[in-house]
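Biologist: I would like to learn how to read helix packing and a few single residues in a model. Where should we begin?

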There are 2 protein chains.
Amino acid sequence: MAHRPQNKVLQETASIDRDSFEPAYAQLAGILRQSMADGLLRPGDQLPSEAQLVERYGVSPMTVRRAINILADQGVVVAEQGRGTFVKPVAMSAATFQLGQLENLFGNREGTTVQLLEARIIAADERVARKLAIREGKRTIYIRRLLWNSGEPAFYHREYLVYDPTRPIVEAELEVTALQQLFSGSSESLLKHGEISIDATLLDEEESRLLKATQPMAAFCFEHLFYDFDDRPVSWGWFIGRADRLRFTTQVGLLLG
Amino acid sequence: MAHRPQNKVLQETASIDRDSFEPAYAQLAGILRQSMADGLLRPGDQLPSEAQLVERYGVSPMTVRRAINILADQGVVVAEQGRGTFVKPVAMSAATFQLGQLENLFGNREGTTVQLLEARIIAADERVARKLAIREGKRTIYIRRLLWNSGEPAFYHREYLVYDPTRPIVEAELEVTALQQLFSGSSESLLKHGEISIDATLLDEEESRLLKATQPMAAFCFEHLFYDFDDRPVSWGWFIGRADRLRFTTQVGLLLG
DNA sequence: GTTATACACTTATATAGGGAAGTTTGAAAG
DNA sequence: CTTTCAAACTTCCCTATATAAGTGTATAAC
């Protein structure tokens with residue numbers, strides 16, 4: 001439909017395919033990423049200016065901006081106003097680990113079950129009271145669960161919930177399926193936000209027995225603290241899983257070709 | 001400067017400040033995030049359509065799109081074409097941990113030093129040869145380092161490098177400061193990408209001694225494998241740090257107001 | 001009653017253009 | 001030679017508009 005303007009400079013790189021299902025901005029982002037993967041653009045190098053990219057690939061400025069924004073969001077380039085856009089060097093500190101990669105272990109698939117070991121009401125000791133921001137001695141629900149995955153114990157979960165009949169969170173949490181909702185989220189969630197931390201620990205005697213581990217053994221401990229929409233703590237607990245059964249990997253630099 | 005158009009519908013929420021340094025798209029993203037934090041928008045709720053947001057806040061469609069894209073990238077909303085944009089429930093699986101939060105421990109600041117324990121050329125055994133994709137028995141550089149942070153040993157680092165005089169990476173790596181570049185990145189980096197994984201382990205006798213730890217003690221192990229621009233492995237190694245000195249935390253849900 | 005179509009709604013993609021802000025460069029003035 | 005300043009270049013931000021594509025609903029035809 002549109003005339004193809006005659007470019008004096010031949011494009012040694014790929015060009016935008018207007019008939020492709022992939023949007024132009026995504027194609028351009030891919031081309032630039034490929035240039036980096038091929039070594040045409042090395043860390044520290046300056047990318048062609050936006051105006052140059054507009055002319056070279058025959059797209060509008062907004063499309064170029066969007067492509068560059070994507071790369072900037074992904075952290076592979078950095079744009080400095082007035083200077084230019086540059087390729088970022090790979091750095092270990094840029095590594096990000098997603099808890100979601102352990103999703104299947106937490107019972108998202110078939111073959112995973114939740115075994116309720118214990119659920120009772122106990123008074124909050126000093127430690128629990130501080131975490132849940134309640135008075136010492138107030139009632140909490142203490143839950144112990146074991147998550148099984150393909151016939152093997154995957155995680156041992158302990159959790160304290162504030163016991164408040166006016167809050168409907170209690171019922172929802174007591175369902176055995178609630179654990180998956182905790183991990184994967186559900187629309188009816190009454191949780192607003194939470195803090196999660198990873199720790200490396202040693203299994204104690206009880207944990208070793210439940211997880212069928214030999215002592216001493218290292219383990220990951222995922223501690224979580226969730227809040228409701230009034231920013232009051234609701235749930236404090238931790239998942240413990242054997243380190244030799246967990247693999248936590250990520251990539252830095254160029255993700256894919 | 002611009003006339004303020006008379007809106008029939010009063011804005012109960014905040015409005016865009018055109019004189020602010022903060023861009024309009026960022027302000028709008030903040031307003032929407034605040035609405036979720038205040039509970040006006042609950043998980044599962046549908047956001048106002050883009051056209052409505054355009055009218056309500058007096059910005060262009062592109063600005064609205066960008067604001068929504070930011071929220072979508074952050075994972076707090078999800079946009080479905082033809083249906084609408086919806087608030088995502090909080091999920092543990094959405095948690096992401098950034099290695100960069102340990103940056104100061106890795107020697108980015110003053111008061112951190114790198115102690116070279118050993119650096120010699122050894123023949124690759126079967127395990128090293130497989131990781132570095134070289135023949136068994138080929139020469140590698142084996143480095144052992146101890147990272148000190150404010151007078152205390154923070155990490156014990158061991159690393160194998162391919163010994164190839166044709167590759168300039170060797171010299172650069174042998175500098176004691178190279179470690180920080182490995183972590184934070186530098187423009188002269190010859191590394192294209194890498195894989196990093198976290199493991200939880202027990203300190204062995206040597207590690208305990210160097211890290212001044214009592215046995216048995218749990219530790220984090222950050223294993224890294226870096227490749228050059230020809231996709232050949234260059235460096236394989238791992239950092240080991242005491243778990244009781246490391247804190248690895250993140251947030252899910254609404255990050256900040 | 002069932003099916004098919006049309007329409008209204010949504011988000012997604014793209015174009016064209018303009019101005020603001022920071023950086024670099026080099027020429028002019030001292 | 002040094003300083004000053006203006007211009008060019010860069011990225012950044014925003015507006016206005018148009019088209020495409022997916023979804024759901026109401027209506028018309030059968």
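Modeller: Begin with what counts as a contact: heavy atoms within 4.5 Å. Keep in mind that this is a predicted model.

Biologist: With that cut-off, which residues of H1(B) meet which residues of H3(B)?

Modeller: On the H1(B) side they are B:Ala24, B:Tyr25, B:Leu28, B:Ala29, B:Leu32, B:Arg33 and B:Met36. Their partners in H3(B) are B:Thr63, B:Val64, B:Arg66, B:Ala67, B:Ile70 and B:Leu71. Sorted by class, this contact has 10 nonpolar, one polar and two charged residues.

Biologist: How is the geometry of such a pair described?

Modeller: Two packed helices are described by the angle between their axes and the distance between the axes. Here, helix H1 of chain B covers residues 24-37 and helix H3 of chain B covers residues 61-73. Their axes come within 8 Å and cross at roughly 50°. H1(B) and H3(B) are therefore oblique to each other. The crossing of H1(B) past H3(B) is right-handed.

Biologist: At what angle do H3(A) and H3(B) pack, and how far apart are their axes?

Modeller: The angle is about 20°, and the axes are 13 Å apart. In chain A, helix H3 runs over residues 61-74. Angles under 35 degrees count as roughly parallel, so H3(A) is roughly parallel to H3(B). This crossing is right-handed.

Biologist: Which residues meet between H3(A) and H3(B)?

Modeller: A:Met62, A:Arg65, A:Arg66, A:Asn69 and A:Asp73 meet B:Met62, B:Arg66, B:Asn69 and B:Asp73. By class, that gives two nonpolar, two polar and five charged residues.

Biologist: A:Arg66 is in that list. Is A:Arg66 buried, partly exposed or exposed, and why?

Modeller: A:Arg66 counts as partly exposed because its relative accessibility is 33%, and the class lies between under 20% for buried and over 50% for exposed. Leaving aside residues up to four places away in sequence, A:Arg66 touches A:Tyr25 and B:Asn69. For a sense of distance, A:Arg66 and A:Glu205 are 139 residues apart in sequence, and their C-alpha atoms are 55 Å apart in space.

Biologist: Can we treat a second residue in the same way? Where is B:Ile16 found, and which residues does B:Ile16 touch?

Modeller: B:Ile16 is in the segment before H1 of chain B. With residues up to four places away in sequence set aside, B:Ile16 touches B:Ala24, B:Gln27, B:Leu28, B:Ile31, B:Tyr57 and B:Val59. B:Ile16 is buried, because its relative accessible area is 13%. Its C-alpha atom is separated by 38 Å from that of B:Arg247, 231 residues apart along the chain.

Biologist: How many disulfides does the structure hold?

Modeller: A disulfide needs a pair of cysteine sulfur atoms within 2.5 Å. Over all chains, the structure holds zero disulfides. For A:Cys221, the nearest cysteine sulfur is that of B:Cys221, 19 Å away. B:Cys221 is likewise in no disulfide. A:Cys221 counts as buried at 11% relative accessibility, and B:Cys221 counts as buried at 11% as well.

Biologist: How many helices and strands are there in chain A, and what share of its residues count as buried?

Modeller: Chain A has seven helices and 10 strands. Of its 257 residues, 48% count as buried. Sequence separation can be read for contacts too: among contacts in chain A between residues at least 6 apart in sequence, 61% join residues at least 24 apart.

Conventions. Residues are numbered from 1 along each chain as its sequence is written. Chains are lettered from A and ligands numbered from 1 in the order in which they are written. This is a predicted model: local features need pLDDT of at least 70, side-chain atom pairs count only at pLDDT 80 or more; totals for chains, interfaces and linings use all residues. Side-chain values use heavy atoms; hydrogens and water are left out. Axes are lines fitted to C-alpha atoms, for helices over the stretch in contact, and angles run from 0 to 180 degrees between N-to-C directions. Helices (H or I, at least four residues) and strands (E, at least two) are DSSP runs, numbered from the N terminus. Angles under 35 degrees count as roughly parallel, over 145 as roughly antiparallel, 65 to 115 as roughly perpendicular and the rest as oblique. A crossing is left-handed if the near helix is turned anticlockwise from the far one by less than a right angle, and right-handed if clockwise. Ala, Val, Leu, Ile, Met, Phe, Trp, Tyr, Cys and Pro count as nonpolar, Asp, Glu, Lys and Arg as charged, and the others, Gly among them, as polar. Buried means under 20% relative accessible area, exposed over 50%, partly exposed in between (1.4 Å probe, protein chains only).
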